[in-house]
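Trainee: Could we go through this one together, starting with the empty spaces and then the charged pairs and cysteines?
Mentor: Yes, let us take it topic by topic.

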Amino acid sequence: MDIVRFVKNWTLPISMITGALSYFIYASIPALNGTHAFANEFIGHLQPLLIFSMLFLTFCKVKPSELKPKAWFIWLALIQCGLFSIGAFYLTFNPDTSLRLIIEGAMLSIICPTATACAVVTMRLGGSAALITTYTILINLAVAILAPALLPLAHPQEGISFLPAFFTIIGKIFPMLICPLITAWIIRYFFPTLHQFFLRMKDLAFYLWAIALAIAIAVTCKAIMKNEGNLTDIIAIAFASLICCIFQFAIGKYIGGKHGYRIEGGQALGQKNTVFIIWLGYTFLSPVSSIAGGFYSVWHNLINTYQLNKKRKADERAAIAKTERKEDNSK
């Protein structure tokens, strides 16, 4: 029982360590070199399936009527879009700056939309999955418009313009977000018995996310190890992503807390779709800057680990206090 409790309490760091070790062990075995192409293809199919499944289970708990935008969402979106725009225009007018890679890494860390798995963690922390889902949809739409409009200016590349970039980004982020939401609602209204069955799977979405996280960390390790940037640039980008991560969690909690949604505000702004950061960097910016997503994945999951552990201890103290009150009342 102690082992089971330990695994439950420390699921995130265990998942992260497992993902990192899996990559380094697999990559260090010469006999497996011929399987790399198959492994990449397999992960390419498995990861979307895991994400779809965990989002579907989470969205089964969200009613369509609960998806209501809040006025304070505007402040979160303005922070993301505004800081990203400042960075993009700076690079447009200062294309030869020595800080380009750092600025690109920071831009990716800021503009990246909320992670699709954010609703899972938010519920675990005691927040509203409906609020997070609403903001995730809205910020993904904003990113799909703003990123293709500004990235070709900040980092001009032949053949990349607004419309092709827009449809590429839409095709990357929306199917994995909207499809599980619509599927969950179809099940809710047309198959209520099946819907109740999925609702009883209380923690399955979280553990599916833990598996997806291990895979994401393995992909992150690969992106960092295969990156051809020099050590100084890599350290600078890692530091920039750390500052961006801490800033976004802090300002998100502050803004959300002003309206009674401290958990939701912090997660909405701080927890990112880090695989998307890596893809966005490789596709539209410098490949070296894409490692910002790899490091951000580590930072935001460490913060989530701390928050979940803090929430668990608070729940344990509350349970003990409740038991003690019952004992006092029975005397």
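Trainee: Which helix gives the most to the lining of the largest cavity?
Mentor: That is α7, with 3 residues, where helices (H or I, at least four residues) and strands (E, at least two) are DSSP runs numbered from the N terminus. Bear in mind that this is a predicted model, in which local features need pLDDT of at least 70 and side-chain atom pairs count only at pLDDT 80 or more, while totals for chains, interfaces and linings use all residues. Residues are numbered from 1 along each chain as its sequence is written, and side-chain values use heavy atoms, with hydrogens and water left out.

Trainee: What counts as a cavity or a pocket here?
Mentor: On a 1 Å grid over the protein atoms alone, a cavity is a set of points where a 1.4 Å probe fits but cannot get out, whereas a pocket is an open set with protein on both sides within 12 Å along at least five of seven lines, and lining residues have an atom within 4 Å of a point. Grid points are joined across faces, edges and corners, and a volume is the space filled by probe spheres set on the points.

Trainee: How many cavities of 30 Å³ or more are there, and what lines the largest?
Mentor: The count is 1 cavity, and the volume of the largest is about 30 Å³. Its lining is made of Leu55, Phe59, Ala115, Thr116, Cys118, Ala119, Ile132, Thr133, Thr136 and Leu177, with α3, α6 and α7 each giving two or more residues. By class there are 7 nonpolar, 3 polar and no charged residues, taking Ala, Val, Leu, Ile, Met, Phe, Trp, Tyr, Cys and Pro as nonpolar, Asp, Glu, Lys and Arg as charged, and the others, Gly among them, as polar.

Trainee: Threonine 133 is on that list; is threonine 133 buried or exposed?
Mentor: Threonine 133, which lies in helix α7, counts as buried because its relative accessibility is 2%, the cut-offs being under 20% relative accessible area for buried, over 50% for exposed and partly exposed in between (1.4 Å probe, protein chains only). Leaving aside neighbours within four places in sequence, threonine 133 is in contact (heavy atoms within 4.5 Å) with Phe59, Leu67, Ala119 and Leu181.

Trainee: And leucine 150, what does that one touch?
Mentor: Leucine 150 is also placed in helix α7 (residues 129-154) and touches Phe84, Ser85, Ala88 and Phe89, not counting residues up to four places away in sequence. At 8% relative accessibility, leucine 150 is buried.

Trainee: Switching to pockets, what is the volume of the largest one?
Mentor: The largest pocket has about 1300 Å³, and of its 47 lining residues the closest to the centre are Ile43, Gln47, Ile215, Ala216 and Val219. The largest share of that lining, 12 residues, comes from α11, and by class the lining has 28 nonpolar, 15 polar and 4 charged residues.

Trainee: What about the second largest pocket?
Mentor: The second largest pocket has a volume of about 580 Å³, and of the 22 residues lining it, Arg124, Asp203, Phe206, Leu308 and Asp315 are the closest to its centre. Here α15 gives the most, with 7 residues, and the classes come to 8 nonpolar, 5 polar and 9 charged.

Trainee: Is aspartate 315 in a salt bridge with anything, or which residues pair up?
Mentor: The side chains of aspartate 315 and lysine 311 meet in a salt bridge at 2.8 Å, N to O, the rule being a side-chain nitrogen of Lys or Arg within 4 Å of a carboxyl oxygen of Asp or Glu. These two residues are 4 residues apart in helix α15 (residues 291-330), so about one helical turn separates them. Lysine 311 is partly exposed at 26% relative accessibility, and aspartate 315 is partly exposed at 39%.

Trainee: How many salt bridges does the structure hold?
Mentor: There are 2 salt bridges; one of them joins glutamate 104 to arginine 100, with the closest N and O atoms 2.9 Å apart. Both residues lie in helix α5 (residues 100-111), and both are buried.

Trainee: Last topic: how many disulfides are there?
Mentor: The structure holds 0 disulfides, a disulfide being a pair of cysteine sulfur atoms within 2.5 Å. Cysteine 81 is in none, as the nearest cysteine sulfur, in cysteine 112, is 12 Å away.

Trainee: Why is cysteine 245 not bonded to cysteine 244?
Mentor: Because the two sulfurs are 8.7 Å apart, which is too far for a bond; cysteine 245 itself is buried, at 0% relative accessibility.
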